[in-house]
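Colleague: I am in my first year and still learning to read models like this one. Could you pick a single part, look at it closely, and then show me how it fits into the rest?

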Amino acid sequence: MQWRIDRRVAGSYMTDKIYLAYHRASMMDEKLVSVQSPNSEQYVGPVDLSGYEYIDLPDIHDIADDACVDIFDVLKNRRTVRLFSKDYTMSFEDFCKFVQFSMGKSFENNHDWTYRTYPSGGSRYPVDIYVVPQRVEGLKEFEVYRLDQPNNRLYDMGRTAGKEEIKNATCATKYDYHEYMDSNLFIFMVSSFEKSTCKYGLLGYRLTFLEAGHIGENLSLVAERMGLASVPLGGFYERNINSFLGADKFNETTLYYYLVGGKR
Ligand SMILES: Cc1cc2nc3c(=O)[nH]c(=O)nc-3n(C[C@H](O)[C@H](O)[C@H](O)COP(=O)(O)O)c2cc1C
């Protein structure tokens, strides 16, 4: 049987322009300043990870940077590279370097508030990072890890994702369309929107996606700088990923997915 999908029904594709309704409702408007002004008193903090084991990561300022490379060259050369090497094993040192430069803590002010290598609306940091490694020295194969940037820690969430679960999480991997399964890092950006919406209301939803975009660009540029391949993925089965990460337990959902690994 052949499927016939007509995407022109009623002039739109399934959504019936729901996204426009949301976009309009979340627009900042001068007339609404009293209801839209940020509510800085509301704060939703990080989830409680006590009880989970963790690995200490080096502070970004203690990581040696070998050669000087011009950021203009990195920007010129960055590409989405879809061919990963099966034979490449990432050292723990390179893992730390990659993670800390693309997403780590870079600054701490004298009020104990920490900042990262990417910007965040109102520094609420609503995007959390889960990493599932394959062939990374010192890390368990396909274990679910979670970054705790303020403390330079990598938490072991006590669950394994399973290669099949990862494979079934995107149509590209499920149907062997690309060789993505050979990558070394499966990186998931997940959000608990409340960290941002409690302060900014509907705008917080937008700010969360903008932040994920910033992180994504960092991942691509640091991968390029370190000679690694990277692929940003927007098309994936969100519920499946939430469930194998255990993110649904924390009321989080996956926004963006990255593959990073050795080039073939
Ligand atoms: C938000 C976003 C989502 C993307 N989703 C996918 C995806 O699901 N699958 C894929 O193979 N590539 C995906 N890409 C990669 C693009 O196809 C790629 O960036 C584009 O072809 C331009 O090539 P370049 O990155 O080498 O400049 C995505 C890129 C972005 C920015």
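Modeller: Happy to! Let's begin in the loop between β5 and β6 (153–160), where Asn152 lies. Please keep in mind that this is a predicted model. The backbone of Asn152 has a positive phi of about 50°, although Asn152 is not a glycine. Most residues other than glycine have a negative phi. Is Asn152 buried or exposed? The cut-off for counting as buried is 20 or more other C-beta atoms within 10 Å. Asn152 has 21 C-beta neighbours inside 10 Å, so Asn152 counts as buried.

Now compare another loop. Arg135 sits between β4 and β5. Arg135 is not a glycine either, and its phi is positive, about 55°. Its surroundings are described by a count as well: 18 other C-beta atoms lie within 10 Å, so Arg135 is partly exposed.

Follow the chain back from that loop and you reach strand β4, residues 127–133. How many of its residues are buried? The count is 7 of the 7, so β4 is largely enclosed by the rest of the structure. You can check this face by face: Val127, Ile129, Val131 and Pro133 are buried on one side, and Asp128, Tyr130 and Val132 are buried on the other.

What are the neighbouring strands? β4 pairs with β7 (residues 185–191) in the antiparallel sense over 7 bridges. β4 also pairs with β5 (residues 143–148), again antiparallel, over 2 bridges. Val131 is a handy residue to click on, since Val131 stands opposite Ile187 in β7 and opposite Tyr145 in β5.

Two of these residues lead us on to the core. The largest nonpolar core has 51 residues, and those with the most contacts inside it include Tyr130 and Ile187, along with Phe188, Met189, Tyr258 and Val260. In soluble globular proteins, nonpolar side chains tend to be buried together. Take Met189 as an example: leaving out residues up to four places away in sequence, Met189 touches Val127, Ile129, Ala212, Ile215, Leu255 and Tyr256. So much for strands; a helix joins the picture too. The buried residues of α9 (residues 238–245) are Ile241, Asn242, Phe244 and Leu245. Among the elements covering them are β4, β5 and β7, and also α5 (163–167) and β9 (253–262). Just after α9 comes Gly246, with a positive phi near 80°.

There is a ligand to find as well. Around the ligand you will see Arg79, Thr80, Ala172, Val231, Pro232, Leu233, Gly234 and Gly235. Strand β8 (residues 228–233) gives the largest share of this shell, 3 residues. By type, the shell divides into 4 nonpolar, 3 polar and 1 charged.

Finally, zoom out to the whole protein chain, which has 9 helices and 9 strands. Of its 264 residues, 34% count as buried. Among contacts with a separation of 6 or more, 74% come from residues 24 or more positions apart. The C-alpha trace spans about 65 × 55 × 45 Å along its principal axes. A compact globule with 264 residues would have a radius of gyration near 18 Å, and the chain has 20 Å, which agrees.

Definitions and conventions:
Residues numbered from 1 in each chain as written. Predicted model: local features only at pLDDT ≥ 70, side-chain atom pairs only at ≥ 80, totals over all residues. Core = buried A, V, L, I, M, F, W, Y, C linked by C-beta atoms within 7 Å. Buried ≥ 20, exposed ≤ 12 C-beta atoms within 10 Å, placed from the backbone. Contact = placed C-beta atoms within 7 Å. Helix = DSSP H or I, 4+ residues; strand = E, 2+ residues; numbered from the N terminus. Rg over C-alpha atoms; globule rule 2.2 N^0.38 Å. Pairing = 2+ DSSP bridges. Near = placed C-beta within 6 Å. Nonpolar A, V, L, I, M, F, W, Y, C, P; charged D, E, K, R; others polar.
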